[in-house]
Amino acid sequence: EKSERYGAGDGASGDERMEFQFTNDNLIQMAEFFEEDLTGQSKRKLWTKVDKDMSSLIEDNEMDTFLYFSIVVFIKAKYSNVRLPKKSDKKFQSKILAPLKRWLLHYKVSAHGLTFDEFDRFFPSWLREYYREHKAAEQGGITKYDTIRMEEASSPSVLDDEDAHLQAKLARNKKNKKLGALLGSGGMFGSSSNKDSNRSGSSSSRSNRSSSRPPSEETMRADIEAGLPLVGIKKGDEYERKIKDDIEREHWSQESLEWEQKLSPVADAIEKTDITTREKIWDKFDRKKVEKLDCDKSLSRLIYSLIALYIKTQDRNARPPKFNSLTPLLQSICNEIKQEINNKYNTPNNNYITKKDFKENIVTYLKKIARRRRQSSASGLSKSVSITEMMKQQKR
């Protein structure tokens, strides 16, 4: 029964049913299904099916299986008399499972893994967001997620017919050159290959020149919103400072806006704690004892706990705002902490904060960020400017 429920037997030989072609366009309907139709009991069955080590987490190595079974449950509930896509299908893997897994792990799921509560509460909205951003990128629009930009940039659909034809011809010539060497006729098979290699070289040069251009303002804006480091801009450049200071707050929650102005007292409260207390706080998030946390994935939860600690020190009965309502603020703080670390240790590609650095320097980092936010607010740099408005200004 379980095999049938999760489609293990649907690929049997002799099955003449049409295979269901799952695409990103199905994600919206799938989100609605998980939100409106799938019961809590069914969600728990799905979860148990994947969480075989009973860790109460869907971890990195389980994510593709989790996504596959989620898609299978959706298809079986909504479409009758169809054959399920196979998890081993390379196209299904490369077009659906791998990109969605990469996006979830990079932007939504913490380093520890996905909890059932997060799955139950946020999975549908994540699917919708992924669909919107993916669709925007497909249509040549702007997406703030780097993994989707890279996916679209590497997609064959962005190559024109001439380049695709050239690549195919080069592959054939390479094969012919090997054959010619075996037959003792390298000159005959090698001549056209050399010419095509020259053409390929010039094409590659054009590509390199194109990729070396600095990112557009809207791209950098999107990276800042997503908590990504700026690339392609010289350190200390006035333009980079302008983008960094001008944080996009148009879609921030009221709680994020409010607590941005309270970072100084939060930093002061953490300063009053001793090293042992900070170590205990750290250990709650570093469960695997690796003594480092990813600034893009795990650090936001730790910073949230510092805000919650400050609130409890002021009033033991007070209830901190929900994590999701502070996510925009937390992401921007984590991005600045990462920049502080990389500037301090001259490690531009580092993405982690160590336990030692947290214990010794987190107060300094938070105070610097709080001071910059106050200065930005005082000088008017905190004014929200949408990407659309920036694009309009560029066109003028």
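The exercises below work through salt bridges, a helix, a surface patch and backbone angles in one predicted model.

Residues are numbered from 1 along each chain as its sequence is written. Because the model is predicted, local features need pLDDT of at least 70 and side-chain atom pairs count only at pLDDT 80 or more, while totals for chains, interfaces and linings use all residues, and side-chain values use heavy atoms, with hydrogens and water left out.

**Exercise 1.** Find which parts of the chain the salt bridge between E260 and R373 ties together.

*Solution.* Begin with the term: a salt bridge is a side-chain nitrogen of Lys or Arg within 4 Å of a carboxyl oxygen of Asp or Glu. In the pair E260 and R373, the closest N and O atoms are 2.6 Å apart. Next, place the partners: E260 lies in helix α12 (residues 254-260) and R373 in helix α17 (residues 355-379), so the bridge ties together parts that are 113 residues apart in sequence. Helices here are DSSP runs of H or I with at least four residues, strands are runs of E with at least two, and both are numbered from the N terminus. Then look at the cover: both E260 and R373 are buried, where buried means under 20% relative accessible area, exposed over 50%, and partly exposed in between, with a 1.4 Å probe and protein chains only. Finally, salt bridges that share partners join R249, E260, E336, E340, K368, R372 and R373 into one network.

**Exercise 2.** Describe the bend and the cover of α16, and what follows just after this helix.

*Solution.* First, α16 bends by about 40° at L329, the bend being the angle between axes fitted to the seven residues ending there and the seven starting there. Second, 17 of the 23 residues of α16 are buried, which leaves the helix mostly covered. Third, N346, just after α16, takes a positive phi of about 55°.

**Exercise 3.** Decide whether K289 and S56 are exposed or partly exposed, and describe their phi angles.

*Solution.* Start from the general rule that most residues other than glycine have a negative phi. K289, in the loop between α14 (275-285) and β3 (292-294), has a positive phi near 60°. Its relative accessible area is 56%, so K289 counts as exposed. S56, in the loop between α3 (40-50) and β1 (57-58), has a positive phi of about 65° although it is not a glycine. Because its relative accessibility is 49%, S56 counts as partly exposed.
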